[in-house]
Amino acid sequence: MINKKNLWKTADNHNIEERMRKIQSAPVPEHIAIIMDGNGRWAKKRALPRVAGHHEGMKTVKRIAKLANRLGVKVLTLYAFSTENWKRPKAEVEFLMKLPQEFLNSFLPDLMEENIRVEMMGDETQIPSYTLKAVQRAMEETSGNDGLILNFALNYGSRAEILMAVKNIIQDAKNDILLEENLNEDLFSSYLMTNQLKDPDLLIRTSGEVRLSNFMLWQLAYTEFWFTDVNWPDFKDVHLFEAVEAFQKRSRRFGGLS
Ligand code: IPE
Ligand code: IPE
Ligand code: MG
């Protein structure tokens with residue numbers, strides 16, 4: 001028997017596939033960075049505790065990572081916890097630090113099947129050992145995958161990152177590992193946590209906030225920005241399509257002329 005609901009589903013899938021093919025016929029951003037914001041407000045709207053929003057947001061991460069991989073995106077950097085997020089209530093911070101365990105354990109089979117590699121950037125010294133272990137395990141297990149790099153910014157702050165780079169540069173200069181006359185933008189970039197990655201082509205921030213909140217200040221110098229009022233747990237495939245389609249209409253001049 002033909003089921004009406006399934007018919008709709010088939011039509012939907014068809015549209016999605018077609019939209020995806022169209023997107024793939026133009027250059028897709030190689031590196032997308034996302035400030036995943038609005039988990040708390042998503043929960044508040046539903047009279048749920050804030051942490052329910054974080055839990056729901058985890059599902060969006062799974063969906064969007066798989067979709068980005070299918071689109072041919074090379075790197076997806078996700079802002080998961082900032083160096084300023086420690087200011088939040090202890091219970092919320094604890095919940096956030098426990099999320100990677102649950103998230104990565106349940107996502108690992110998919111990550112392997114989809115050929116996705118997990119990476120992390122951030123100050124590891126303050127992160128609880130159980131959190132770090134979960135991330136490191138996922139990094140090890142997926143280290144042979146050569147599809148999308150799923151890069152989590154965890155306890156990441158751009159000012160701290162830049163300061164660390166400056167300190168290391170001073171040390172290397174003192175030890176004659178680095179000569180001042182050789183210091184240029186590329187060499188400076190190699191001291192940042194993103195040294196293996198190209199700068200983001202597209203930055204997405206959800207939830208209606210229009211600020212960087214200490215995210216990749218150096219790396220975003222010529223990135224295209226795309227903002228949406230949608231809260232992160234509500235961020236669907238179509239929103240990523242919209243963002244990439246908007247990106248494809250932009251004219252990137254890098255200070256020159258197009
Ligand atoms: C983003 O959602 C997740 C983290 C910052 C960890 P928020 O928790 O900031 O949600 P809002 O901004 O309060 O709605
Ligand atoms: C930025 O969101 C950090 C992450 C998404 C992890 P915040 O919610 O912490 O940023 P502000 O406080 O609104 O600037
Ligand atoms: Mg927020």
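Which oxygen-bearing partner does a polar side-chain atom of Asp 37 lie 2.8 Å from? Select Asp 37 and see: the partner is an oxygen atom of ligand 1.

Before moving on, note that this is a predicted model, where local features need pLDDT of at least 70, side-chain atom pairs count only at pLDDT 80 or more, and totals for chains, interfaces and linings use all residues. Residues are numbered from 1 along each chain as its sequence is written, chains are lettered from A and ligands numbered from 1 in written order, and side-chain values use heavy atoms, leaving out hydrogens and water.

Stay with ligand 1 and pick Arg 50, where a polar side-chain atom sits 2.8 Å from a ligand oxygen. Next, try Gly 40: here a backbone N or O atom is 2.9 Å from an oxygen of ligand 1. The protein buries 87% of the 380 Å² that ligand 1 exposes when taken alone (accessible areas by the Shrake-Rupley method, 1.4 Å probe).

Now colour helix H2 (39-45) and helix H3 (50-71), the elements giving two or more residues to the shell around ligand 1 (residues with a heavy atom within 4 Å). H2 gives the most, with three residues. Helices here are DSSP runs of H or I, at least four residues, and strands are runs of E, at least two.

Hop over to ligand 2. Ser 213 has a side-chain N or O atom 2.6 Å from one of its oxygens, and for Arg 88 that distance is 3.2 Å. Asp 37 turns up again, at 3.3 Å from an oxygen of ligand 2. Finish on strand S2 (residues 75-82), which gives the most to the shell around ligand 2, with three residues.

Technical notes. Polar contact = N/O pair within 3.5 Å; in protein donor to acceptor, adjacent residues only side chain to side chain.
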